[in-house]
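Biologist: Before I rely on the labels attached to a model, I would like to see how each one is justified. Could you take me through the reasoning?

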Amino acid sequence: MNIIGKYVKEERRKAGLTQKEFALRAGLGLRFVRDLEQGKETVRLDKVNQALAMFSMQAVPGKIERNEEDV
C-alpha cells in the first residue's frame, strides 16, 4: 500500500468514518476512496488532494529517495 493511501485509511479510521461516509464528506466517489486506500497507482492527483484536504494536508512534489539497488 502506498504512503498516501495508508495515511488516508488510518486517519479515516481515527475519525470513525467508513469509506462510504468519508467519500460523501470529501465529495469523492466510493470507488476512488477504495482505490486510493488500496494503493492504486493511477488515481488522479486532484482527487488525492481533495481526500487529503479532509485532514488539512496536501500532496506536494518531492525528491524520490532511491536505494543503491534501485539505480
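Modeller: What follows goes through some salt bridges, their burial and a pocket, in a model that is predicted.

Biologist: What makes the contact of K14 with E11 a salt bridge?

Modeller: The closest N and O atoms of K14 and E11 are 3.1 Å apart, and the cut-off is a lysine or arginine side-chain nitrogen within 4 Å of a carboxyl oxygen of Asp or Glu, so the pair qualifies. K14 and E11 are 3 residues apart in helix α1, which separates them by about one helical turn.

Biologist: How do you know whether K14 and E11 are buried or exposed?

Modeller: Exposed means over 50% relative accessible area and buried means under 20%; K14, at 65%, therefore counts as exposed, whereas E11, at 18%, is buried.

Biologist: Why is the pair of E37 and R12 said to tie parts of the chain together?

Modeller: Their side chains meet in a salt bridge at 2.6 Å, N to O. Because E37 lies in helix α3 and R12 in helix α1, the pair links parts that are 25 residues apart in sequence. With the limit for burial at under 20%, E37 at 2% is buried, and R12 at 6% counts as buried too.

Biologist: Why is K40 called partly exposed?

Modeller: Its relative accessible area is 40%, which lies between the limits of 20% and 50%, so K40 is partly exposed. K40 forms a salt bridge with D35, at 3.7 Å between the closest N and O atoms.

Biologist: How is the lining of the largest pocket divided by residue type?

Modeller: The lining has 9 nonpolar residues, 1 polar and no charged, and α1 supplies the largest share, 3 residues.

How values were computed: Residues numbered from 1 in each chain as written. Predicted model: local features only at pLDDT ≥ 70, side-chain atom pairs only at ≥ 80, totals over all residues. Heavy atoms only, no water. Helix = DSSP H or I, 4+ residues; strand = E, 2+ residues; numbered from the N terminus. Nonpolar A, V, L, I, M, F, W, Y, C, P; charged D, E, K, R; others polar. Buried < 20%, exposed > 50% of the residue type's maximum accessible area, 1.4 Å probe, protein only.
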